[in-house]
Every structure is written in structure tokens, then in C-alpha cells.
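Please look through the sequence and the model shown below before reading the report, and keep both at hand while you read.

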Amino acid sequence: MGLLVKNGVIVTADSISRADIYAENETITRIGTDLEVPVDTTVIDAKGKLVFPGFIDPHVHIYLPFMSTFAKDNHESASIAALVGGTTTFIEMCCPSRFDDALEGYELWKSKAAGSSACDYSFHMSVTKFGPETESQMREIVADGIASFKIFLSYKGFFGVEDGEMYETLQLAKKLGVIVTAHCENAELVSRLQAKLLSEGKTGPEWHEPSRPESVEAEGTQRFATFLENTGATGYVVHLSCEPALRAAMAAKSKGTALFVESVLPHFLLDKTYAERAGAEGMKHVMSPPLRHIRNQEVLWNALNAGFIDTVGTDHCPFDIEQKLLGKDAFTQIPNGIPGIEDRVNLLYTYGVKSGRLDLHRFVDAASTQSAKIFGLFPRKGTIAVGSDADLVIFDPEFQGKVSVKTQHTQNDYNGFEGFEIQGRPVVVTVRGQVQVSDGKFVGQKGRGKLLKRDPAYF
Ligand code: URP
Ligand code: ZN
Ligand code: ZN
């Protein structure tokens, strides 16, 4: 059966028009006015609404064994949260540790998502060690359609790679034509600073940021960029949080290094005073890189609007309060992460577009189109065009509400953005032509999501 979305204002990364969209067999087949459609078509009237391409979250953690525990969501809960928030595709970090076999890890992550995710998805494949088997394993994973690797320069001894392993990974990525995403913090400095602070009796969550200062992230970013420059590989810095790291990334970009930059929702809206709150309240806001001094927020917004920051993800990573309290005696034991998969689009629209900090088209670009382009999904995803998947977000710009744990779908007992005002939200969301959200509620088919394979034509 076909789908017709009529009377809406279609907004993409580079255009705005009033037109109707017709989709059949999961794909947009016609865009125009006064379209003639078969009688059994599902018709959605989008009068007064904006119609965006399905949003893409390029950085989430769903299945995640980390810091002696597991992140709280499963693929069903996270994908429903994503869809209600307008995200129709996410790219999850597949993160086997240094002690695990990479190929077994990849199969495990795939098995968790398959038949469980209600939206489409892909993975960044982590390389957490580089051994004799790595090249053949990664070849197999890339042949399965994966477009990107992930390395951690932090989390020493668990996810983190040494410089030699980073070099080998970048060489391999260049050979295979994939991009390398990187968490950029200097692992040695983080562990030394953590030990020093703990030895001084500084154990609370307020010491998390001083244990990973801005200079430590800037060094990691610059080192990653230097390795890219000298291997010719293409890189993507994940969750860049502060001005010194941005300067390092921009210096590399201006030299012609192939480097993309992602920042994540918490760093635009929350600052380090959230993590300085006493006890569990502070622990809820512990993530890495940490929430920063508030002066960085204006820098990030300006860089995003100018396109120096390419994408906005969430780094969705829910741990509940009981898990956060694992770190009650030492901030180094607080599981790192803040959820956000459900709130990214609404908060970016509210605090970016509505407040005049972010151009409407740059919003679509950063929250959807760029991720599709960088990770080999464009033009199937990330735009509204004939031939693209019918992933549509019909967005009510007049809606007013508040973020609250009471209404969220993610499986967690707090929301890091509790009480933030929302102006605008998705009312209808489709995935490949099927209505998955209606009137702001999940009404769709669980387990409908597909593992997306990169489009070889795009590389
Ligand atoms: O604090 C964070 N970001 N938790 C998830 C793991 C990571 O570093 O992305
Ligand atoms: Zn990270
Ligand atoms: Zn992450």
C-alpha cells in the first residue's frame, strides 16, 4: 500500500518547498503537487507541519558491557525512544573489549539488534587491539557493509589502543576505504590525573572533569589528526566537547587533513556544574569527555552553524542511578554516559533553530544528511528525494512541552535533560514508508529495523 504525505513544507539540508510526497514499496517515488494516487493509499495531512528527512544519530551505545556493568537499553526500547524523537536510523558503537574476539563481538552486536530494533541501524566497528587476525577480520566486517571503524585513545587497557595500533588501524582503513571514528583523550594523562586526584581524597563526581581537562582532549584530537595526516586515512572525531579540541581539529582541516567533527547533545546544553552537584545528581551527568565550562557552549553552537562541526549525535549511553552509585567512593568507578536518543532532535530544534543559533537547513544537515554522506548511506537516507527511503518526520513546530523521565521511552530512571522546555516535536514518523509513530506515540512494528549496508557507489 502507498503512503501520501500532503500539504507539508518539505525541509532538506539545501531546500524548502511546499509539496506532497508519495511513497510505495518503502521508497519515495513522486514529489509534487496534486499527485494522483491509488485508492488504498494511506494519506497523512501535514498542513502546518514541517516534513524532514528521517534523522540519523551517528553515535549511540545500546548493548554495552562497560565499567563492570551494562548500559540499560535494549534495541527495542532504544529504537522506540529514537523514533518518538524523530530518529529513524542510528549508528551504534560495536564495542568488544581488548579481551574479546572482534568478529565474535560483531556477530553478537548484530544478533542483539536483529529482529529487535524498530528503526534502521548500522554499526561503527571498534578496533580495540590490533593483532595478526585483525586485518582478515576487519575485511570480513567491511565486506558485510560496515563503513567505519572506531578507536578509543582513552579507556586504557579496556577499549583503548596504543599509538602503534592506531597507526595500523588507519593504514588498514585507508586500504579498505573506510573511515575511522575516534574518541580523542590522552589515556596516560587521564589515568595519571585520576590517580593523583584520588590520592588527594578527591573522590566525588566534581573531580571527573579535572581528571580529563580540555588540554587532554585537545592533545588526543591533535594526535589523531597528525596520524591521519601521515597515513592519508580519513577520520571522524566523536563527541568533541571544547574549544581547544575544536581548534586542533580546525587546524588539521585547514591543512587539508580528511577529518570530520561530531559533537554530541550534552555538550551543547549541559555544563560541568551539572556534574558538580552533590552525590547521585552529579553522577548522572558524568560522561567522557566530561561536561565542560559553559563558555564552550557558544563556541560549539557557532562552529555547528558554520559547518566546522559536521554532525550532532547523542552518545546515548544510559546507566541508571543504582549503576551510577557504583562510583560513590571514587569518581573513576561511575559508569560514563548520559542518555539522549529521544531528545536530540527536539532539543536541537528548540535551543538551536528556534533560538536563532542554528540555521534550519544546517539543522537537517547536521542531524541527518551529513551522517548519511559520511557513513555511506546517502542518498538512500538523509534526504527527501525520489529514490530515497521513505523515512519522514512530520514535525509540529508549534508543540510545547518539557523533557521528563516520566514520559521517556529509554529504559532509565532519570533523564539528564529533565525539565528542559521543548518547542516542536515529531507527530508522525515513517520508516521505509511505514508509520511507526503517530500523534507522537509509537504505534508501529517492533523489530522492523534493517541493518544498513554502505552504498559502494558512494565510496
Ligand atoms: O561517557 C561516555 N561517552 N560513555 C560512552 C562511551 C564513550 O566514550 O563514548
Ligand atoms: Zn567516547
Ligand atoms: Zn560513545
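The report that follows goes through the metal sites, the sheet, the aromatic rings and one helix residue.

## The model

The structure described here is a predicted model, and the values in the sections below should be read with that in mind.

## The zinc ion called ligand 3

The zinc ion (ligand 3) has three protein donors, namely H59 through its atom NE2, H61 through its atom NE2, and D315 through OD, and these lie 2.0 to 2.1 Å from the ion. Along the chain the donors follow the spacing H-x1-H-x253-D, a pattern in which the two histidines are separated by one residue and the aspartate comes after a further 253. Both H59 and H61 are buried.

The site has 4 donor atoms, and because the angles among them run from 88 to 140°, while a tetrahedral site needs all angles to lie between 85 and 135 degrees, the site of the zinc ion (ligand 3) is classed as irregular.

## The zinc ion called ligand 2

A second metal site belongs to the zinc ion (ligand 2), whose protein donors are H183, through ND1, and H239, through NE2, at 2.0 to 2.1 Å from the ion. The angles among the 4 donor atoms of the zinc ion (ligand 2) range from 57 to 151°, and this site is likewise irregular. The zinc ion (ligand 2) and the zinc ion (ligand 3) are 3.7 Å apart.

The pair of donors at the zinc ion (ligand 2) links distant parts of the chain, for H183 belongs to strand 12 (residues 179–183), whereas H239 lies in the loop between strand 13 (235–237) and helix 8 (243–254), 56 residues apart. H183 has a relative accessible area of 1% and therefore counts as buried, and H239, with a relative accessible area of 2%, is buried as well.

## The open sheet

In what order do the strands of the open sheet follow one another? The sheet has 8 strands in the order 6-9-10-11-12-13-14-15, and their pairing is parallel. Strand 6 (55–60) and strand 15 (311–313) stand at the edges, and because each has a single partner strand, one side of each is left without a neighbour in the sheet. From one strand to the next, the twist averages 30°.

Strand 6 is joined to strand 9 (residues 87–94) by 4 bridges, and the two strands run parallel; within this pairing, V60 has E92 in strand 9 as its bridge partner. Strand 9 is also joined to strand 10 (residues 120–126), again in parallel, by 6 bridges, and here T89 stands opposite D120 in strand 10. Strand 9 is mostly covered, since 8 of its 8 residues are buried.

## Aromatic rings and charges

A pair of aromatic rings is described by the distance of the centres and the angle of the planes. The structure holds 22 aromatic pairs, and one of them is formed by F66 and Y155, which meet edge-to-face with 5.1 Å from centre to centre and 80° between the planes. This pair links distant parts of the chain, with F66 in strand 7 (residues 65–66) and Y155 in the loop between strand 11 (148–152) and helix 4 (163–176), 89 residues apart. F66 is buried, with a relative accessible area of 5%, and Y155 is buried at 16%, a value that counts as buried because the cut-off is under 20%.

F66 also pairs with F159, and this pair is stacked, with 5.4 Å between the centres and 20° between the planes. Here too distant parts of the chain are linked, since F159 lies in the loop between strand 11 and helix 4, 93 residues apart from F66 in strand 7. F159 counts as buried at 2% relative accessibility. The residues F66, F152, Y155, F158, F159 and F319 form one aromatic cluster. Elsewhere, the charged end of K373 sits over the ring of F378, 4.9 Å from its centre, and the charged end of R425 sits over the ring of F399, 4.3 Å from its centre.

## A residue of helix 1

Is A82 in helix 1 buried or exposed? A82, which lies in helix 1 (residues 75–84), has a relative accessible area of 0% and is therefore buried. A82 and G401 are 319 residues apart in sequence, and their C-alpha atoms are 18 Å apart in space.

Terms used. Residues are numbered from 1 along each chain as its sequence is written. Chains are lettered from A and ligands numbered from 1 in the order in which they are written. This is a predicted model: local features need pLDDT of at least 70, side-chain atom pairs count only at pLDDT 80 or more; totals for chains, interfaces and linings use all residues. Side-chain values use heavy atoms; hydrogens and water are left out. Donors are N, O and S atoms within 2.8 Å of the metal (3.2 Å for Na, K and Ca); water is not among the atoms, so sites may look incomplete. Four donors count as tetrahedral if all angles lie between 85 and 135 degrees; four count as square planar and six as octahedral if opposite donors are over 155 degrees apart and all others between 65 and 115; anything else is irregular. Buried means under 20% relative accessible area, exposed over 50%, partly exposed in between (1.4 Å probe, protein chains only). Rings of Phe, Tyr and Trp (its six-membered ring) pair if their centres lie within 6.5 Å; planes under 30 degrees apart count as stacked, over 60 as edge-to-face and the rest as tilted. A charge sits over a ring if NZ of Lys or CZ of Arg is within 6 Å of the ring centre and within 35 degrees of the ring normal. Two strands pair if DSSP finds at least two bridges between them. Axes are lines fitted to C-alpha atoms, for helices over the stretch in contact, and angles run from 0 to 180 degrees between N-to-C directions.
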